[in-house]
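This report walks through a two-chain model. It takes the second chain, the interface, the sheet and the aromatic groups in turn.

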Amino acid sequence: MVLNDTVSTNLRKGVLEYCVLALIGRGEMYGLDIANGLQRRGLLTSEGTLYPLLARLRRNGLVETSWRESAQGAPRRYYTLTATGQESLTAFASIWETFSTAVSDTLDSSTGGTP
Amino acid sequence: MKHATDSPEVGNYLAALEARLAHLPADQSEEILFGVREHIAEAMARGSQSTAEVIASLGSPDDVLTGYLADTPPPVLQQPIAPPTAPQNYQSSTLWVVATVILLPFGVFLAGIGYLFGLAGLWMGTRWKLWEKIMGTLLFPGGMLGAFHATFMPFWVAPVSVRGDTAEATISNPVLPGMGLIAGVAMMCLPIIVAVYLLVVGLRRGGKQP
């Protein structure tokens, strides 16, 4: 169990920010929706850790924020992808495809008996 | 529902988080706190979770701080990795080189010991190769005085001609008979030529270890 947690945590570290970019890339999103979306998929254990990440993505120019009035009246902050963020996401998607295929093939070959 | 964010539970959580983030740059901690505060307010407004559940799903303030630290490598790690600097080898200074090449030929005229200092400078210097140090020592021991002595007054050869022709004997070279005055002067120039050579190569190697 400890091993599972460690492996999952380490794997999440490298991909979390791109999953955030991918969610935002579908359309402008509110912080809570991003957090819930990631947690539902098991990509985020503590939702609070999303906010340091969002702050960094904004500082680095990958996402930008805008303010909208909410149904409750209080202005909400929405996140959208910048062009740089889109490029970064596209590049990662390509890398991930190659990487995940390579890992899957390697795992299949070691468990399937064909080296 | 809005007033739910004013509950002591939420207030304590935000205060604890603010304390954990206190050492961060102010704009960063404020942005994180704002996001978390907004998250709580919106989750409360939706009404599907209790305050305790919302706070539990956020993780502890320590979790948020850990997330920040994991997400933000220490500044030193963000710097481009500097090329490893080679240990600075001791290198003789330019002044050392100049003083040495002056003392070698002319130091003998400074109470005699100037030459010895020149010799020490040559062998302790780091800008010359071994063969250059040997050349500097052998051409000529005693510098200009040594060259002069070897040219005109070698103590191992009688300066006086066996025929008694003393005038010719002092002018011609006893070591290399028939060498003549010009060759003798050229021989005397050797310490100067060697010194100039040592100066040139010494200065040229100023930037690197020989």
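Chain B has 11 helices and 0 strands. Read along the sequence, its pattern is α-α-α-α-α-α-α-α-α-α-α. The model is predicted. Chain B holds 210 residues, and 38% of them count as buried. Contacts in chain B with a separation of 6 or more were also sorted by distance in sequence: 63% of them come from residues 24 or more positions apart.

**The interface**

How many residues does each chain bring to the contact? Chain A gives 23 residues and chain B gives 20 residues. The size of an interface is often given as the accessible area lost when the parts come together. Here chain A and chain B bury about 2000 Å² between them. Carbon and sulfur atoms carry 52% of that area. On the chain A side, L32(A), Y51(A) and P52(A) lose the most area to chain B. Together these three make up 26% of what that side buries.

H39(B) gives a view of the contact from the other chain. H39(B) sits in helix 2 of chain B, residues 26-46. Is H39(B) buried or exposed? H39(B) has a relative accessibility of 2%, so it counts as buried. Neighbours within four places in sequence are set aside here. H39(B) then touches L32(A), A35(A), E47(A) and Y51(A) in chain A. H39(B) also touches V54(B) and L58(B) in its own chain. L32(A) and Y51(A) thus appear twice: they contact H39(B), and they are among the residues of chain A that lose the most area to chain B.

Charges also meet across the interface. There are 4 salt bridges between chain A and chain B. One of the salt bridges in the model joins the side chains of R76(A) and E42(B), at 2.1 Å from N to O.

**The sheet of chain A**

Chain A has an open sheet of 3 strands in the order 1-3-2, with antiparallel pairing. Strands of a sheet pair through backbone hydrogen bonds, either parallel or antiparallel. Strand 1 and strand 2 are the edges, and each pairs on one side only. Strand 3 of chain A spans residues 75-81. Of its 7 residues, 5 are buried, so strand 3 is largely enclosed by the rest of the structure.

The two pairings of strand 3 compare as follows.

| Partner of strand 3 (chain A) | Bridges | Direction | Opposite residues |
|---|---|---|---|
| Strand 1 (residues 29-30) | 2 bridges | antiparallel | Y30(A) and Y78(A) |
| Strand 2 (residues 63-69) | 7 bridges | antiparallel | V63(A) and L81(A) |

Two arginines of chain A lie over tyrosine rings. The charged end of R68(A) sits over the ring of Y78(A), 5.7 Å from its centre. R76(A) lies over the face of Y30(A), at 4.5 Å from the ring centre. Y30(A) and Y78(A) are also the residues that stand opposite each other between strand 1 and strand 3. R76(A) has a second partner, E42(B), through the salt bridge.

**The aromatic pairs**

Over all chains the count comes to 6 aromatic pairs. Why is the pair of Y18(A) and F92(A) stacked? The ring centres lie 4.1 Å apart and the planes meet at 5 degrees, so the pair counts as stacked. Y18(A) belongs to helix 1 of chain A, residues 2-25, while F92(A) belongs to helix 4, residues 83-112. The two residues are 74 residues apart, and their pair links distant parts of the chain.

F92(A) is buried, with a relative accessible area of 17%. F92(A) also pairs with W96(A): the centres are 6.0 Å apart and the planes are at 25 degrees, so this pair is stacked. Both residues lie in helix 4 of chain A, 4 residues apart, about one turn of the helix. W96(A) is partly exposed, at 40% relative accessibility. Y18(A), F92(A), W96(A) and F99(A) form one aromatic cluster.

Technical notes: Residues are numbered from 1 along each chain as its sequence is written. Chains are lettered from A and ligands numbered from 1 in the order in which they are written. This is a predicted model: local features need pLDDT of at least 70, side-chain atom pairs count only at pLDDT 80 or more; totals for chains, interfaces and linings use all residues. Side-chain values use heavy atoms; hydrogens and water are left out. Rings of Phe, Tyr and Trp (its six-membered ring) pair if their centres lie within 6.5 Å; planes under 30 degrees apart count as stacked, over 60 as edge-to-face and the rest as tilted. Buried means under 20% relative accessible area, exposed over 50%, partly exposed in between (1.4 Å probe, protein chains only). A charge sits over a ring if NZ of Lys or CZ of Arg is within 6 Å of the ring centre and within 35 degrees of the ring normal. Two strands pair if DSSP finds at least two bridges between them. Contact means heavy atoms within 4.5 Å. Buried area is the accessible area (1.4 Å probe) that two parts lose on being put together, summed over both.
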